[in-house]
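Here is a quick tour of a structure, written for someone who likes to click around while reading. Load it up and follow along.

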Amino acid sequence: MQKKLELEQKTIDLARDTAGKIADQLHSWISDYTTSTIERASARLLGIDGVDDAGVPLANIMVEKLQEAGLLGHGLVPWLASAIIARNESPQEIAEALKEDKLKVTDIPEAPEEKMQEVADKLALEAAAEIRATRGKREQMMQEAARPNKPLLYVIVATGSVYEDAIQAKAAALQGADIVAVIRHTGQSLLDYVPYGPTTEGFGGTYATQENFRIVREALDEAGEKTGRYIQLVNYASGLCMPEISVMGAVERLDMMLNDALYGILFRDINMKRTFIDQHFSRMINAYAGIVINTGEDNYLTTTDAYEKGHTVIASQFINEQLGLRSGLTEEQIALGHAFEINPDMEDGLLMEIAQAQLCRELFPSAPLKYMPPTKHVTGDIFRTYLVNGMFNFVSVLTGQEIQLLGMPTEAIHTPYISDRYLSIANGQYIFNNARHLGDEIMIKQDGRIQARAAHLLGEACEMLQEIERIGLESAIEQGFFADIKRTAEGGKGKDGVAGKEENYYNPFFELFLNGSIPTEGRLS
Amino acid sequence: MEVNLSKVKAYGDTLNDGAVQVSFSLPVPAGDEAKEAARQLALKMGLETPTVTEMADLKAGFSFFVVYGHLSHSVDYSAIKIPKREQKSMSFEEVNELIKEKLGRKVVVVAACTGSDAHTVGIDAIVNMKGFAGEYGLEKYPEIEAYNLGSQVPNADLLAKAVELKADAVLVSQVVTQKNIHLENLTELVELAEAEGLRDKVLLICGGPRITHELAMELGYDAGFGPGTMPNHVASYVAAELVRRGSAGKK
């Protein structure tokens, strides 16, 4: 990547260093807590699957019963391992027994610590080995597939029915899409459980369920095989079940997850503490599974003015990066988000978009940046939107963005039709191919409008980060620093699911995932 | 050029040529048969001499078409009657002055995106302080107390809040829709309001990209606001309607 903006290195270093301190402040307390969904994710990792007659996942039933017995703070693992020892049954059999009320939480005597950990570690290593094997399979398939050009073409399907999604996803892949995201049913982020099985009714999207992941994965693998490419599948590890959805994705070979540290707080009014704790474990799973996370800074620009608040995106990217690194993700796994949302009526708006996009590129050289399309200022005039999307694609190829969420001509009208997606792919393919190496040929004028804008954004972002460090990220969110949305530390949904870890809390996955340890056969036996 | 208003047709470059373009996909693979199917469909739409100018292969058994043709139908423009909000839009200052003078108390407005809709772009533009395109939102109006409840608010919660705050008007935004879920949501709110005996006590107003005043009236709302609505349009309507209904001493 050629540097073109002549940014002040000391400002960049100060911004990154400050974001690191902000992340450290959070990490000074995050690991003192667990949440219901972290424990449910652990249950899933240990092989607990299925739902009761009312559709309640067995992982929820077990965690709720532990919570009622006041044991959440000890973690699910010690109890489950003790139950395995006492009953000589599998985790699933124990979960079934709990469901059928044949077993009570209090029936299980606490096993000796050493024995308990031995049983738990063995199961955890098996789970980790499965995730590693899935990761290995992805890496092998990618190796064998044709190397895609960048920016990668990312499209969305959102029919509500997984079977229709599979058809549309496959068609998009055959048309040239590199990445397909299945949008979730609009209310799913607020469900404190993960629905089960294949689903055919959703609004604005399709429920994220493990079976739905599998069905679309299969369809994309078929399309990939047909074209000699590897098609990446995306879903949303966000909302009240971040870690559980990461587990499902790790098992079903999803390649990317929307997995922002702040999104749930700001845009879904989920409790702050809950989100910070959940995002850490969720990202650890993604890190271990080799999944690329996408952050959601683009959303800030839909509730605020993209020109005035461009620096908030940069500041948040630094924070997301630092938090991500602390959860074991590599820079290459953190697809920081931003967006092309400046009002198209603004004079020189395109120059300002170039400044922001090039700035992201230079600040985060290893991140597979995710660039989001215009949504706020597009209208029902599909012809104008198609042109604005063309400008967006142009800026992307010019500034070396890597993941291009293609704008749809009907963005302001409905969830995409099959032809909308086709036209968007054609738009991206034309511009990316036609201007492939333009960025290599063009320099940015010294002290011109673009350099000045980039320097201004960086300066403001750095100041904002320093202010956040001074007052703490929680207070900054309370004061509406991001997206002009204010959330209180104690407010929001899902607070009930937070529990302080007791002294004897045990969960082998934290160490396993964070250290990226690769289980060997010797250790498994 | 003499346009016959009782028989208005689409216009390309010659009066009454009926020129239109349509595009659509078919669930059949691209090919000569698909192209003919597209042409026949265009004929059935009432397009004379349709030309399929583009056929694209969407893969996986789908094809896409751009078709031009000459529409045989016409409409009687002179017979069209569209119900309109009669209220002329006032400025920020005029609205505040009207409320102060004629109502003599603050107007309470409660707003939300209801049901599964998480898209607050519209309601934020109308209600939040900052407003939209230089026009302040309702929160900024000194004579209006505006409450933006945000997204995914159940209809029942919205009404409960309206009762609690003794709202004069309830604003509902519906942006994202699929299979017409927004209509179900909007209808449910009216039904709930009626069931709870609130219907006559508040102005029910809906807005969104697919809302028109006419649709809103059909659904049982007092007014509807579509694309291009500015905060002062909504404020003008609310203030003037309350004055018209003589709601001054209501509270």
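## Strand β2 of chain A and its neighbours

Start with a strand pair: β2(A) runs parallel to strand β3 (residues 179–182) of chain A, and 4 bridges hold the pairing. Keep in mind that this is a predicted model. One of the contacts to look up is A:Ile156, whose bridge partner in β3(A) is A:Ala181. Add helix α7 (residues 162–175) of chain A to β2(A) and β3(A), and you've got a right-handed β-α-β unit.

β2(A) has another parallel partner too: strand β10 (residues 403–405) of chain A, joined to β2(A) by 3 bridges. There, A:Leu152 sits opposite A:Ile403 of β10(A).

## Which way do the side chains go?

How many of the 6 residues of β2(A) are buried? The count is 6 of 6 for this strand, which spans residues 152–157 of chain A, so it's mostly covered under the cut-off of less than 20% relative accessible area.

Side chains in a regular strand alternate between the two faces of the sheet. In β2(A), A:Leu152, A:Tyr154 and A:Ile156 point one way, while A:Leu153, A:Val155 and A:Val157 point the other way. Both sets are buried.

## Just before the strand: a cis proline

Step back along the chain to A:Pro151, which is in the loop between α6 and β2 of chain A. The peptide bond leading from A:Lys150 into A:Pro151 is cis, and its omega is near 0°.

## The second largest pocket

A:Lys150 and A:Leu152 turn up again here, since both are listed among the residues closest to the centre of the second largest pocket. The others in that group are A:Met142, A:Gln232 and A:Val292, and the full lining comes to 26 residues. The pocket's volume is about 830 Å³.

What does the lining look like by class? It has 11 nonpolar, 6 polar and 9 charged residues. Helix α6 (residues 113–144) of chain A supplies the largest share of the lining, with 5 residues.

Where does this pocket lie relative to the domains of chain A? Domain 2 (146–229) and domain 3 (332–401 + 409–471) both contribute lining residues, so the pocket lies between them.

## Two loop residues in chain A

A:Gly70 is found in the loop between α3 (58–68) and α4 (76–87) of chain A. Its relative accessibility is 51%, and exposed means over 50%, so A:Gly70 makes the exposed class. The C-alpha atom of A:Gly70 is 9.7 Å from that of A:Ala499, although 429 residues separate the two along the chain.

A:Asp484 belongs to the loop between α19 (473–478) and β11 (498–500) of chain A. Its phi is positive, about 60°, even though A:Asp484 is not a glycine. With a relative accessible area of 40%, A:Asp484 is partly exposed.

## Over to chain B

Chain B splits into domain 1 (1–80) and domain 2 (92–244). Measure between the C-alpha centres of these two domains of chain B and you should get 39 Å.

Chain B also has a non-glycine residue with a positive phi: B:Lys59, at about 65°. B:Lys59 lies in strand β2 (residues 47–59) of chain B. Is B:Lys59 buried or partly exposed? Its relative accessibility is 33%, so B:Lys59 counts as partly exposed.

Terms used
Residues are numbered from 1 along each chain as its sequence is written. Chains are lettered from A and ligands numbered from 1 in the order in which they are written. This is a predicted model: local features need pLDDT of at least 70, side-chain atom pairs count only at pLDDT 80 or more; totals for chains, interfaces and linings use all residues. Side-chain values use heavy atoms; hydrogens and water are left out. On a 1 Å grid over the protein atoms alone, a cavity is a set of points where a 1.4 Å probe fits but cannot get out, and a pocket is an open set with protein on both sides within 12 Å along at least five of seven lines; lining residues have an atom within 4 Å of a point. Grid points are joined across faces, edges and corners, and a volume is the space filled by probe spheres set on the points. Ala, Val, Leu, Ile, Met, Phe, Trp, Tyr, Cys and Pro count as nonpolar, Asp, Glu, Lys and Arg as charged, and the others, Gly among them, as polar. Domain bounds come from an automatic or database domain assignment. Buried means under 20% relative accessible area, exposed over 50%, partly exposed in between (1.4 Å probe, protein chains only). Two strands pair if DSSP finds at least two bridges between them. A crossover is right-handed if, with the strands pointing away from the viewer, the path from the first strand over the helix to the second runs clockwise.
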